[in-house]
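Thanks, everyone. I have one structure to go through, and I will keep it short. Please have a look at it first.

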Amino acid sequence: MGLSVFLGCLVCIIGMAHASNLLVVKEKKNMDDAVAYCESQGLILVKETDSFKHDDVVNAMTEAGIKNDDIWINGDIKSSKEVIASDGDILDDYLPWQSGQPDGSGDCLQLWAGVGNKWDDTPCSVTKYFVCDEKTSLRVLTNKKSFDDAQADCVRRGGNLAKDNSATRNRALLSAVANYPNEDFWFNGKVEDKVVSTTDGRIQYCYSNWQSGQPDNSGDSIQLWAAVDHKWDDTPGSNKKMYICEL
Ligand SMILES: [Ca+2]
Ligand SMILES: [Ca+2]
């Protein structure tokens with residue numbers, strides 16, 4: 001018994017760090033070359049997944065002295081108007097298009113300086129400055145859903161609700177939700193008789209981050225509870241909350 005728990009804990013050490021760290025590249029390239037350049041640096045062409053990331057990008061451009069230039073951001077615009085990032089991520093929950101866009105003028109996504117850095121579809125062959133971001137497998141989704149619907153949406157995106165199975169991973173999750181101090185979040189945690197498991201049925205022995213007094217049998221799903229600095233709380237999965245996918 002002791003041995004199996006120990007082996008389980010070795011698995012639990014795996015995690016990832018997160019920090020906002022944008023690289024503004026003041027060398028104009030076409031979209032394909034911009035994507036490839038970021039990849040060559042171990043980074044990814046920046047994905048504007050929410051308004052906070054958008055603001056980070058504009059602030060980085062301002063600091064770099066290119067706020068009045070168009071830049072490439074990550075997005076391939078399909079004929080359906082669906083926007084897909086270079087890593088396959090579906091960008092559909094934050095869409096700050098300029099009014100009248102996308103108008104079919106191209107398949108690639110730019111921040112259009114002339115209209116206050118809004119989104120515009122434009123030809124991929126044009127050369128522009130661009131911004132790289134560090135890769136992260138964590139994706140915060142702000143369109144609130146029940147636990148099951150949140151997990152289904154993460155699966156649709158090619159992943160699952162993110163596990164919170166180590167102190168390192170917990171720091172990454174807290175960093176990911178830091179812009180939303182007043183919002184509860186679903187992550188990949190279910191609880192029954194105080195035993196934590198994930199949606200794949202694995203029991204998690206090694207790590208927990210319960211708020212004092214929790215779990216109190218108030219539900220079978222675990223939230224990052226905003227009221228207590230995003231510590232864990234068991235609560236009904238039917239409640240609609242923001243959520244974190246791991247892609
Ligand atoms: Ca356009
Ligand atoms: Ca509870």
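I will start with the whole chain and then turn to one helix.

This is a predicted model. The protein has 5 helices and 15 strands. Its radius of gyration is 20 Å, and the globule rule gives 18 Å for 247 residues, so the protein is as compact as a globular protein of that length. Along the principal axes, the C-alpha atoms fill a box of roughly 60 × 35 × 30 Å.

Two percentages on the packing. Of the 247 residues, 34% are buried. Among contacts with a separation of 6 or more, 67% are between residues 24 or more positions apart.

Now the helix, α3, residues 51–64. Does its length fit its residue count, and why would we expect 20 Å? The helix has 14 residues, and at 1.5 Å a residue these should span 20 Å; the end C-alpha atoms are 20 Å apart, which agrees.

Next, which residues of α3 are buried? They are Val57, Ala60 and Met61. These three cover an arc of only 100 degrees around the axis, which means they sit on the same side of α3. The cover over the buried residues includes three strands: β1 (23–29), β3 (71–77) and β8 (128–134). On the other side of the helix, Ser51, Asn59 and Glu63 are exposed.

Last, the end of the helix. The residue that follows α3 is Gly65, and its phi is positive, near 80 degrees.

That is what I have on this one.

Methods:
Residues are numbered from 1 along each chain as its sequence is written. Chains are lettered from A and ligands numbered from 1 in the order in which they are written. This is a predicted model: local features need pLDDT of at least 70, side-chain atom pairs count only at pLDDT 80 or more; totals for chains, interfaces and linings use all residues. Helices (H or I, at least four residues) and strands (E, at least two) are DSSP runs, numbered from the N terminus. The expected span of a helix is 1.5 Å times one less than its number of residues. A residue is buried if 20 or more other C-beta atoms lie within 10 Å of its own, exposed if 12 or fewer, and partly exposed in between; C-beta atoms are placed from the backbone. The arc is that of the directions from the helix axis to the C-beta atoms. Two residues are in contact if their C-beta atoms, placed from the backbone, lie within 7 Å. The radius of gyration is taken over C-alpha atoms; the globule rule is 2.2 Å times the number of residues to the power 0.38.
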